[in-house]
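Hi,

Here is the structure I said I would pass on. Have a look at it first, and my notes follow underneath.

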Amino acid sequence: MKKKRISKGWKLVIQGLPLAAAVATVFLPLQRVGQQFIVLIVLIWIQVFFIVECFLIVK
């Protein structure tokens, strides 16, 4: 089976999503609980990204 490679452009988009989400929440009129929930989602996304990058991607 051939392994599909992800292009560098898509990789940068996936890496930048948590940061973009954190920046976007600054401009949303959310209550404190909503902002904390968004930060929790961003932190979970970063952890999942690092786990996938470090342990599950076979080079």
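What caught my eye first was a nonpolar patch on the surface, covering about 850 Å² and made by W10, V13, I14, L17, V39, L43, W45, I46 and F50. Keep in mind that this is a predicted model.

Where do those residues come from? Helix 1 and helix 2 (32-56) each supply at least two residues of the patch. Helix 2 gives the most, with five residues. L43 is one of the patch residues and is found in helix 2. Is L43 buried, partly exposed or exposed? Its relative accessibility is 47%, so L43 counts as partly exposed, since that class lies between the 20% and 50% cut-offs.

As for the overall make-up, the protein has two helices and zero strands. Of its 59 residues, 7% count as buried. The accessible surface comes to about 5800 Å², and carbon and sulfur atoms account for 73% of that.

Helix 1 is worth a look of its own. It runs over residues 8-26, which makes 19 residues. From its first C-alpha to its last it reaches 28 Å, close to the 27 Å expected at 1.5 Å a residue. Helix 1 also has a bend of about 40 degrees at G16, and a proline, P18, follows within four residues.

That's what I have for now. Shout if you'd like to go through it together.

Cheers

How values were computed. Residues numbered from 1 in each chain as written. Predicted model: local features only at pLDDT ≥ 70, side-chain atom pairs only at ≥ 80, totals over all residues. Heavy atoms only, no water. Expected span 1.5 Å × (residues − 1). Bend = angle between axes of the 7 residues up to and from the residue. Buried < 20%, exposed > 50% of the residue type's maximum accessible area, 1.4 Å probe, protein only. Areas by Shrake-Rupley, 256 points an atom, 1.4 Å probe, with all protein chains shown as cover. Patch = residues over 30% accessible without salt bridge, like charges linked within 9 Å, V, L, I, M, F, W, Y side chains within 5 Å. Salt bridge = Lys/Arg side-chain N within 4 Å of Asp/Glu carboxyl O.
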